[in-house]
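Here is a short set of exercises to work through with the structure open beside you. Try each task before you read its solution.

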Amino acid sequence: MEIIRLENVTKRYGDKLVLDRIDKVFHRGQSVAFVGHNGCGKSTLLRIIAGLTVPSDGRAVHSRGLLFHYIPEKFPATPVTARQYLLKMGMLDGMRKDEAGRRAESLGDDFFLGGLLDVPMKSLSKGTLQKIGVIQALMTRPDILLLDEPVSGQDKESQKVLIEKTNELRSEDVTILMSCHEEHIVNAIAKDVYTIRGGRLEAYKPAGTKVCTVILENAGGMAPTEDMMEYGRYYRLKAEERECDRILPGLLSCGWRLRGMYNEEDS
Amino acid sequence: MKRIAELTKYGLHVYFKGNKFIMPLVVIIIYQYTMYTIMPVGIVDSFVMASYLVFFVLVWTGLSVSADENPVMEQIQLLRVRSSLCYYLSRAAVLAVLGLSVSMICVLFPVIQNLLNDKALFLRPLTAFDVLNAFILVAGCSFTGGALGSLLHPRVMEDRKLAVVLTVLLSVLTVVRTGLVQEIPFFKYVAWILPPVDRIAYIYGNADRFCLFQTGLIFAALAAYGAVLVIIRSCICQKRKF
């Protein structure tokens with residue numbers, strides 16, 4: 001079901017053309033990421049989609065009564081505590097106070113905040129503030145979740161929780177629109193990836209071939225190949241993605257056990 | 001309505017958790033203490049002066065509340081409430097509540113002081129009618145002051161130095177409007193855009209008693225001007241967005 005339609009959206013900042021006649025339709029439950037270099041217009045596009053920025057030309061048409069939740073790139077500090085802030089945001093979403101309190105507590109635990117919920121937000125670190133920025137957007141289920149560089153400053157464990165929670169929302173038909181530089185986050189959340197080049201929205205094609213690191217256990221006393229390096233009690237093998245698809249079945253059938261595999265760019 | 005109330009409560013909570021309220025409060029306390037510890041004082045003229053003070057204090061408060069608004073927080077709240085009208089009404093409500101609180105302090109302090117001084121604080125006995133008129137005048141000034149102070153919101157005028165200078169200039173022109181028109185008759189053609197705060201002194205400058213009809217008229221004019229200023233600011237913010 002179509003929920004947002006961009007019609008000929010153009011945005012200029014002074015003489016600089018940031019978005020150039022973008023036409024695009026977004027559907028309910030779609031998961032989209034915008035990637036590209038800094039200043040290419042990703043955040044501007046997200047804000048235009050949400051109706052927070054006025055396009056220089058064209059328009060963004062929404063279905064009626066959509067609830068947007070927004071995770072900003074830099075979540076600002078305020079004098080109130082994180083708990084007080086989250087309670088208020090939950091109540092603005094229509095939650096009862098006790099319900100909002102329980103939700104804030106539970107999300108605080110999920111994001112490893114411990115006792116930090118009761119510390120004034122102006123005293124929190126950048127990463128912790130960013131977590132509060134994520135939690136406020138997860139207090140209730142929105143129709144559209146906007147994520148603008150959502151993981152900046154966050155630890156890896158919290159990034160995993162964010163990925164998990166975002167995918168849960170996606171399975172509940174929430175539309176996910178994200179601007180992100182981290183490829184592992186994009187891969188873990190978005191189905192459709194676009195980039196903005198010269199103001200135009202284009203489908204993103206990753207450049208080059210990715211290299212993967214494969215961690216293997218020598219279970220049957222086989223001799224390691226010359227590509228393998230000792231890695232603690234395991235062996236490490238580096239190969240291109242397609243090469244991995246080819247060699248792994250052979251290695252596993254010979255008695256090697258797969259103990260880990262990750263993309264070099266994400267490590 | 002519930003969302004406006006929640007947003008207003010949150011706005012007030014953030015304001016009082018910060019330190020921006022301390023200086024205006026100190027100014028009010030000093031004024032009250034200075035004004036009402038020398039006996040006896042005139043009822044009407046002391047409350048007329050209080051109206052002017054409250055106007056300036058609320059201009060100051062409106063300016064600081066607006067300057068403290070963070071665009072990201074504004075964006076999150078605007079999206080959440082799904083109604084720009086709700087959001088901008090709540091911003092006006094925050095200033096209105098602050099204005100009413102200040103008005104309450106400015107009217108109740110002399111009443112209490114009068115009771116503590118065996119009802120000898122004023123030149124004549126203070127009546128409930130005086131208190132009612134005083135509250136209406138002070139509350140009207142507070143609303144207009146808050147609206148004028150928040151008119152040049154950071155989204156309306158990004159240059160904060162210029163916004164502060166212009167706000168101070170507008171508020172000073174507002175209270176000297178009548179005098180200025182007498183000196184420079186041409187000024188009357190533009191003076192009408194300023195809120196009629198100076199009408200309070202014009203009507204009650206030499207009066208010994210309040211007239212509810214006149215007070216009501218001034219209040220209506222102040223409220224209308226305040227509402228227009230709030231609407232202008234909200235429309236500009238809504239049009240320009242972020």
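**Exercise 1. Find the residue that follows helix α11 of chain B and describe its backbone and its surroundings.**

Solution. Step 1: go to the end of α11(B); just after this helix, K241(B) takes a positive phi of about 55 degrees. Keep in mind that you are looking at a predicted model.

Step 2: check the residue type. K241(B) is a residue other than glycine, and its phi is nevertheless positive.

Step 3: place K241(B) in the chain, namely in the segment after α11 of chain B.

Step 4: judge the exposure. There are 18 other C-beta atoms within 10 Å, so K241(B) is partly exposed; the class in between needs a count above 12 and below 20.

**Exercise 2. Compare the length of helix α11 of chain B with its expected span, and say what covers its buried residues.**

Solution. Step 1: α11(B) runs over residues 212–240, which makes 29 residues.

Step 2: at 1.5 Å a residue the expected span is 42 Å, and the distance from the first C-alpha to the last, 41 Å, is close to that.

Step 3: look for buried positions. Among them are T215(B), I218(B), F219(B), L222(B) and Y225(B), and further along the helix L229(B), R233(B) and C237(B).

Step 4: a general point helps in reading such a list. An α-helix has 3.6 residues a turn, so residues three or four places apart point the same way.

Step 5: find the cover. The elements over the buried residues of α11(B) include α5 (84–116), α6 (128–149) and α10 (199–204) of chain B.

**Exercise 3. Locate two further backbone features in the loops of chain B: a cis peptide bond and a positive phi at D118(B).**

Solution. Step 1: the cis peptide bond joins M39(B) and P40(B), with omega about -10 degrees.

Step 2: P40(B) sits in the loop between α2 (22–35) and α3 of chain B.

Step 3: D118(B) is not a glycine, yet its phi is positive, at about 55 degrees. This residue belongs to the loop between α5 and α6 of chain B.

Step 4: count the neighbours of D118(B). With 7 other C-beta atoms within 10 Å, D118(B) is exposed, because the limit for that class is 12 or fewer.

**Exercise 4. Is helix α4 of chain A largely enclosed or largely open?**

Solution. Step 1: test the geometry. Helix α4(A), residues 126–138, should span 18 Å for its 13 residues at 1.5 Å a residue, and its end C-alpha atoms are 19 Å apart, which agrees.

Step 2: count the buried positions. Eleven of the 13 residues are buried, so α4(A) is largely enclosed by the rest of the structure. These include Q130(A), K131(A), G133(A) and I135(A).

Step 3: name the partners. The buried residues of α4(A) pack against β5, α2, α3 (97–110), β6 (144–148) and α5 (156–171) of chain A, together with α4 (71–81) of chain B.

Step 4: zoom in on I135(A). Leaving aside residues up to four places away in sequence, I135(A) touches L86(A), A104(A), L107(A), G108(A) and F111(A).

**Exercise 5. Which residues touch the most other members of the largest nonpolar core?**

Solution. Step 1: this core has 122 residues, and the ones touching the most other members are L86(A), I135(A), L146(A), V54(B), L137(B) and V138(B).

Step 2: ask which element gives the largest share. Helix α3 (residues 43–68) of chain B does, with 15 residues.

Step 3: look beyond this core. Apart from it lies another core of six residues, including L216(A) and W256(A).

Step 4: compare with the domains. The assignment for chain A gives domain 1 (2–203) and domain 2 (211–266), whose C-alpha centres lie 37 Å apart.

**Exercise 6. Describe the side of chain A that touches chain B, and check the confidence.**

Solution. Step 1: 23 residues of chain A are in contact with 19 residues of chain B.

Step 2: α1 (42–50), β5 (68–71) and α2 (82–92) of chain A each give two or more residues to this side, and α2(A) has the largest share, five residues.

Step 3: sort this side by class: 14 nonpolar, six polar and three charged residues.

Step 4: read the scores. The model has ipTM 0.85 and pTM 0.85, and chain B averages a pLDDT of 94.

Key
Residues are numbered from 1 along each chain as its sequence is written. Chains are lettered from A and ligands numbered from 1 in the order in which they are written. This is a predicted model: local features need pLDDT of at least 70, side-chain atom pairs count only at pLDDT 80 or more; totals for chains, interfaces and linings use all residues. Two residues are in contact if their C-beta atoms, placed from the backbone, lie within 7 Å. Helices (H or I, at least four residues) and strands (E, at least two) are DSSP runs, numbered from the N terminus. Ala, Val, Leu, Ile, Met, Phe, Trp, Tyr, Cys and Pro count as nonpolar, Asp, Glu, Lys and Arg as charged, and the others, Gly among them, as polar. The expected span of a helix is 1.5 Å times one less than its number of residues. pLDDT is the predictor's confidence in each residue, from 0 to 100. A nonpolar core is a set of buried Ala, Val, Leu, Ile, Met, Phe, Trp, Tyr and Cys residues joined through C-beta atoms within 7 Å. Domain bounds come from an automatic or database domain assignment.
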